[in-house]
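The report below walks through one protein chain, moving from single residues to the strands and the open space around them. Please keep the sequence and the structure in view while reading.

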Amino acid sequence: MAIKLNAEIRNVAGKGAARSVRNAKNIPAVIYGNKKDPVAIELNGHDFEMLLKTPGLRTKLFQIALKGGNEDTVLMDIQYHPVSDAPIHVDFKRINVKEPVNITVPVDVINIETSKGIKLGGVLNFAVRKVAIRGLIDNIPEKIIIDLADLNIGDTVHGSDLVLPNGIELGLHQAELAFATIGGKMPEETDKPVVAAAAATADAPAAAGEEKK
């Protein structure tokens, strides 16, 4: 579902103009891309800060209403104040909703406690926490889930193993990435040195007795 935003066009650009926008409790922003000139806009500061509480904002379609018409966009970047952590600038990129877009979404893991490998003493290495995917904006998920329940020690989830929604495909160079691995040794491998040492100890007296004879 699209997020609708009302915005005003900024006729004056530059640091001074942006400062004036912030002094008015609004947020300077820009819309660019799709082979059109960039448009400087300002957003209602309170409304946008409330919107930031919405999960998965970077996977949503933003329909920005301007005097000249609506712009279909995706959220590309938010700059924050280094001290107050308040948003001070926002970048939106125009898209065609009928064409696939490239989006980076977070990756999450579930069923860590019930994972076969974790129960056997394995350790989770969650190495890659974002994945680039491609599809129509309405089909883009907020995140991709890795289910660890059936993973054993030594198992690795590569990009090619990820479960993607219908109509969504991996972006370039994602298939071979190792997103999650359960490291460690299987219990029987850990026990082998102990068993071997015990066997050696048991054979030692017998060998000593044979030498005396």
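## Ile 103 and its surroundings

With a relative accessibility of 6%, Ile 103 counts as buried, because the limit for that class is under 20%. This value, like the others in this report, was computed from a predicted model. Ile 103 has its place in strand β7, which covers residues 101-110. Once residues up to four places away in sequence are set aside, Ile 103 touches Arg 58, Thr 59, Val 74, Val 131, Ala 132, Ile 133 and Ile 140. A further relation across the chain is that of Ile 103 to Gly 135: the two stand 32 residues apart in sequence, while their C-alpha atoms are 8.3 Å apart in space.

## The sheet that holds β7

Strand β7 belongs to an open sheet of 4 strands, whose order is β10-β7-β9-β12 and whose pairing is mixed. The edges of this sheet are formed by β10 (144-147) and β12 (169-170), each of which pairs on one side only. Between β7 and strand β9, which spans residues 130-135, there are 6 bridges, and these two strands run antiparallel. Within that pairing, Asn 102 stands opposite Arg 134 in β9.

In general, the side chains of a regular strand alternate between the two faces of the sheet.

## Pairings of β1

Strand β1, made up of residues 3-9, pairs with β4 in the parallel sense over 4 bridges, and Lys 4 has Gln 63 of β4 as its bridge partner. Strand β1 is also joined to β3, in this case by 3 bridges and with the two strands running antiparallel; here the bridge partner of Ile 9 is Ile 41 in β3.

## The largest pocket

Where in the strands does the largest share of the lining of the largest pocket come from? It comes from β7, which supplies 3 residues. The strands β5 (69-80), β6 and β7 each supply at least two residues of this lining. The largest pocket holds about 250 Å³ of space, and its lining consists of Asn 34, Val 74, Met 76, Lys 93, Arg 94, Ile 95, Asn 96, Glu 99, Pro 100, Val 101, Asn 102 and Ile 103. By residue class, the lining divides into 6 nonpolar, 3 polar and 3 charged residues. Two residues met above, Asn 102 and Ile 103, are thus among those that line the pocket, and Val 74, which Ile 103 touches, is also listed in the lining.

## Buried residues of β6

Strand β6 contributes to the pocket lining, and Val 90 lies in this strand. Val 90 is buried, with a relative accessible area of 0%. Leaving out neighbours within four places in sequence, Val 90 is in contact with Ile 27, Pro 28, Ala 29, Val 30, Leu 43, Phe 48, Leu 75, Asp 77 and Ile 78. The C-alpha atoms of Val 90 and Glu 42 are separated by 9.1 Å, although these residues lie 48 residues apart along the chain.

The count of aromatic pairs comes to 1. This pair is formed by Phe 62 and Phe 92, and its geometry is tilted, with 5.5 Å from centre to centre and 55° between the planes. The pair links distant parts of the chain, since Phe 62 lies in strand β4 (residues 62-66) and Phe 92 in strand β6 (residues 87-94), 30 residues apart. Phe 62 is buried, with a relative accessible area of 0%, and for Phe 92, also buried, the value is 0%.

## Residues with positive phi

Most residues other than glycine have a negative phi. The table lists two residues other than glycine for which phi is positive.

| Residue | Phi | Loop | Relative accessibility |
|---|---|---|---|
| Lys 35 | near 60° | between β2 (26-33) and β3 (36-44) | 90%, exposed |
| His 173 | near 65° | between β12 and β13 (178-183) | 72%, exposed |

What is the exposure class of Lys 35, buried or exposed? Lys 35 counts as exposed, because its relative accessibility of 90% lies over the 50% limit. His 173 is likewise exposed, at 72%, and is found in the loop that follows β12 and leads to β13. Strand β12 is one of the edge strands of the open sheet described above.

Conventions. Residues are numbered from 1 along each chain as its sequence is written. This is a predicted model: local features need pLDDT of at least 70, side-chain atom pairs count only at pLDDT 80 or more; totals for chains, interfaces and linings use all residues. Side-chain values use heavy atoms; hydrogens and water are left out. Buried means under 20% relative accessible area, exposed over 50%, partly exposed in between (1.4 Å probe, protein chains only). Contact means heavy atoms within 4.5 Å. Two strands pair if DSSP finds at least two bridges between them. Rings of Phe, Tyr and Trp (its six-membered ring) pair if their centres lie within 6.5 Å; planes under 30 degrees apart count as stacked, over 60 as edge-to-face and the rest as tilted. On a 1 Å grid over the protein atoms alone, a cavity is a set of points where a 1.4 Å probe fits but cannot get out, and a pocket is an open set with protein on both sides within 12 Å along at least five of seven lines; lining residues have an atom within 4 Å of a point. Grid points are joined across faces, edges and corners, and a volume is the space filled by probe spheres set on the points. Ala, Val, Leu, Ile, Met, Phe, Trp, Tyr, Cys and Pro count as nonpolar, Asp, Glu, Lys and Arg as charged, and the others, Gly among them, as polar.
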